[in-house]
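Thanks for coming. I will take a few minutes to walk through one model, strand by strand, and then stop at some single residues.

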Amino acid sequence: SRPPGAGAFGNLVVNWSFEQDLNGWRVLGEADSSREPQGRTSGSCASVRARGPEPGRVGLALPAVVPSVAKGERYVASAWVRSTAPGQRVALRLVGTGPGAESSRAITTTLPGLAWRRVIVDHTVATATDLTLEVTADGVPAGDALLIDEVVVRRG
């Protein structure tokens, strides 16, 4: 069965579990994205495989995951991540795209093997803006992948 979409459990992310495709998500860095089997608790997850000549930052962004946010509103985001090579530093960010750049981020390090790790960030908006969500890993060598699943953004 298909997992619930946006609004389920207060989640503002429509394509949060990558069961059908990667619609709405944008690739960051020199990388290729795809759906991979063996999601955290479901059939698939997103994979972002680095292809640059040098290790670099790769990931996914969900532009305007929360449009037209008012000053003072608070949002909490989380994602489950792992990588094909253990020890990748992964950042989860909520980024304001309006005037006066603002963002909040949390960082975790991926575990060995098939173990997933959750990363959570909260952000209180300083000025009216749209919020974009980013999940990135730095220094990813060509051929290695960042895997992302069960992305949640809630007003909180």
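Y75 has R155 as its bridge partner in strand 10. That pair belongs to a ladder of eight bridges between strand 5, residues 74-83, and strand 10, and the two run antiparallel. A word on terms: helices (H or I, at least four residues) and strands (E, at least two) are DSSP runs, numbered from the N terminus. Two strands count as paired if DSSP finds at least two bridges between them.

Before I go on, this is a predicted model, where local features need pLDDT of at least 70 and side-chain atom pairs count only at pLDDT 80 or more, while totals for chains, interfaces and linings use all residues. Residues are numbered from 1 along each chain as its sequence is written, and side-chain values use heavy atoms, with hydrogens and water left out.

Back to strand 10, which covers residues 145-155. Strand 3, residues 44-50, also pairs with strand 10 in the antiparallel sense, over four bridges. There, R49 stands opposite A145. How many of the 11 residues of strand 10 are buried? Nine are, which leaves the strand mostly covered. Buried here is under 20% relative accessible area, exposed is over 50%, and partly exposed lies in between, with a 1.4 Å probe and protein chains only.

One residue of strand 10 to look at is E150. Its phi is near 45°, a positive value in a residue other than glycine. E150 counts as buried, because its relative accessibility is 9%.

Now the sheet. Five strands form an open sheet in the order 1-4-9-6-7, and the pairing is antiparallel. The edges are strand 1, at 26-28, and strand 7, each of which pairs on one side only. From one strand to the next, the twist averages 20°; for such angles, axes are lines fitted to C-alpha atoms, for helices over the stretch in contact, and angles run from 0 to 180 degrees between N-to-C directions. As a general reminder, strands of a sheet pair through backbone hydrogen bonds, either parallel or antiparallel.

Strand 6 sits between strands 9 and 7 in that order. Why is strand 6 largely enclosed by the rest of the structure? Because seven of its eight residues, 89-96, are buried. With strand 7, residues 102-109, strand 6 pairs antiparallel over eight bridges. With strand 9, residues 129-140, strand 6 pairs antiparallel over seven bridges. A91 can be followed to both neighbours: A91 stands opposite I107 in strand 7 and opposite T136 in strand 9. Further along, L94 has L133 of strand 9 as its bridge partner. The hairpin of strands 6 and 7 has five residues between the strands, and in it G100 takes a positive phi near 70°.

L133 brings us to the core. A nonpolar core is a set of buried Ala, Val, Leu, Ile, Met, Phe, Trp, Tyr and Cys residues joined through side-chain atoms within 4.5 Å. Which residues of the largest nonpolar core touch the most other members? Of its 35 residues, they are L133 and I148. Strands 3, 4, 5, 6, 8, 9 and 10 each supply at least two residues of this core. Strand 4 gives the largest share, six residues.

I148 has a long contact list, where contact means heavy atoms within 4.5 Å. Leaving out residues up to four places away in sequence, I148 touches F18, C45, A46, V48, L60, W80, V81, W116 and V135. F18, on that list, lies in the segment before strand 1. Is F18 buried or exposed? F18 is buried, at a relative accessible area of 0%. F18 also has a positive phi of about 55°, although it is not a glycine.

Two last residues. G10 is found in the segment before strand 1 and is partly exposed, at 36% relative accessible area. Apart from residues up to four places away in sequence, G10 touches V153 and R154.

P141 is in the loop between strand 9 and strand 10, and is partly exposed at 30%. With residues up to four places away in sequence left out, P141 touches A50, P55 and Q88. P141 and A85 are 56 residues apart along the chain, and their C-alpha atoms are separated by 9.3 Å.
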